[in-house]
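Reader: I am new to reading structures, and I would like to go through this one slowly. Could you explain the reasoning behind each term as we meet it?

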Amino acid sequence: MSQSTELKKNDKPLNFDEIRLDPISHIHRENNPQFIASLARGLELLRCFSLQHQVLGNFELAKMTGLPKPTIARITNTLVCLGYLKQMPDSPKYMLDIGVLSLGYAALSNLTVRSTAHRYMEEMSQYAQAPVALAARDRLNMLYLDVVQTNSKIRRPIGSTLPLYSSSMGRACLAATPEFERNRLLEAIQKKHPEEWPKIEMMLK
């Protein structure tokens, strides 16, 4: 039996849901040749940047991902070279660069539900005199795909996120999710927020 045949025989199918809900620990333990851990590390590092964390240094990124600082330094340098990160002037910290936009807007353009739903969202917003948002679950968050704004002080831009367990749209998503998947999501939330779980559990009842 050749080595390649043996690898294929021993390979286990990747559990995408498990990877997405707990990516960092999966990267640390993954030995499947079908899974490129170095690529996963770079993408997970990019996901650390958000509206709440727009500027991050290698120390913060290492703390958020659990990856060694030398590994973080190599990844950030690579991402700067490729135009996905840029280093702040006179600072060791980084922020997302415009290269990320080409990925984000390409993904948005593929979501036909946005163009289909937008006019109905406008009608609903005018009727209710309130903002209307379209969102989808991204791991343990709700990700805004489209927003019709009003003069309301509450303004959420496209791409912003809210926790699945503490937002009204997140709880609605959980309620509409099949029981098996919902239980898996609740287990992931409990694992991520062990100290807050009793309060979260009461909130979800």
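Author: Let us begin at one glycine: Gly83, which comes just after H6, takes a positive phi of about 85 degrees. Please keep in mind throughout that this is a predicted model.

Reader: What makes the length of helix H6 agree with its number of residues?

Author: Helix H6 covers residues 69-82, and at 1.5 Å a residue its 14 residues should span 20 Å. The end C-alpha atoms of H6 are 20 Å apart, so the expected span and the computed distance agree.

Reader: Which residues of H6 are called buried, and how do you know on which side of H6 they lie?

Author: The buried residues of H6 are Thr71, Ile72, Ile75, Thr76 and Leu79, and the word means that each has under 20% relative accessible area. They cover an arc of only 125 degrees around the axis, and therefore they are on the same side of H6. As a general rule, an α-helix has 3.6 residues a turn, so residues three or four places apart point the same way. On the other side of H6, Pro70, Arg74 and Cys81 are exposed.

Reader: What do the buried residues of H6 pack against?

Author: Their partners are helix H4 (37-46), helix H5 (58-65), strand E1 (85-87) and strand E2 (94-96).

Reader: How many helices and strands are there in the chain, and what share of the residues counts as buried?

Author: The chain has 11 helices and 5 strands, and 30% of its 205 residues count as buried. Its accessible surface comes to about 13900 Å², of which carbon and sulfur atoms contribute 56%.

Reader: What makes E3 and E4 a pair of strands?

Author: Two strands pair if there are at least two bridges between them, and strand E3 (residues 132-138) and strand E4 (residues 141-148) are joined over 7 bridges in the antiparallel sense. Within this pair, Ala135 stands opposite Tyr144 in E4. The hairpin of E3 and E4 has 2 residues between the strands, and here Arg139 takes a positive phi near 60 degrees.

Reader: How do you know that E5 is paired with E4 as well?

Author: The same cut-off of at least two bridges applies, and E4 and E5, which run antiparallel, are joined by 3 bridges. One residue of this pairing is Met142, whose bridge partner in E5 is Leu162.

Reader: Why are E3 and E5 said to stand at the edges?

Author: The open sheet is formed by 3 strands in the order E3-E4-E5, with antiparallel pairing. E3 and strand E5 (161-163) each have a single partner strand, so one side of each is left without a neighbour in the sheet. On average, and with direction ignored, neighbouring strands of this sheet are turned by 35 degrees against each other.

Reader: Why is E4 described as largely enclosed?

Author: Of the 8 residues of E4, 6 are buried, so E4 is largely enclosed by the rest of the structure. Helix H9 (residues 168-176) lies across E3 and E4, and runs at about 115 degrees to E4.

Reader: Why is His118 called partly exposed, while Thr150 is called buried?

Author: Buried means under 20% relative accessible area and exposed means over 50%, with partly exposed in between. His118 has a relative accessible area of 26%, so it is partly exposed, whereas Thr150, with 17%, is buried.

Reader: Where do these two residues lie, and what do they touch?

Author: His118 lies in helix H8 (residues 112-128), and, not counting residues up to four places away in sequence, it touches Asp146 and Val148. His118 and Val147 are 29 residues apart in sequence, yet their C-alpha atoms are 8.4 Å apart in space. Thr150 is found in the loop between E4 and E5, and, with residues up to four places away again left out, Thr150 touches Ser125, Gln129, Ala130, Pro131 and Arg155.

Key:
Residues are numbered from 1 along each chain as its sequence is written. This is a predicted model: local features need pLDDT of at least 70, side-chain atom pairs count only at pLDDT 80 or more; totals for chains, interfaces and linings use all residues. Side-chain values use heavy atoms; hydrogens and water are left out. Helices (H or I, at least four residues) and strands (E, at least two) are DSSP runs, numbered from the N terminus. The expected span of a helix is 1.5 Å times one less than its number of residues. Buried means under 20% relative accessible area, exposed over 50%, partly exposed in between (1.4 Å probe, protein chains only). The arc is that of the directions from the helix axis to the C-beta atoms. Contact means heavy atoms within 4.5 Å. Accessible areas come from the Shrake-Rupley method with a 1.4 Å probe; for residues, only the protein chains shown count as cover. Axes are lines fitted to C-alpha atoms, for helices over the stretch in contact, and angles run from 0 to 180 degrees between N-to-C directions.
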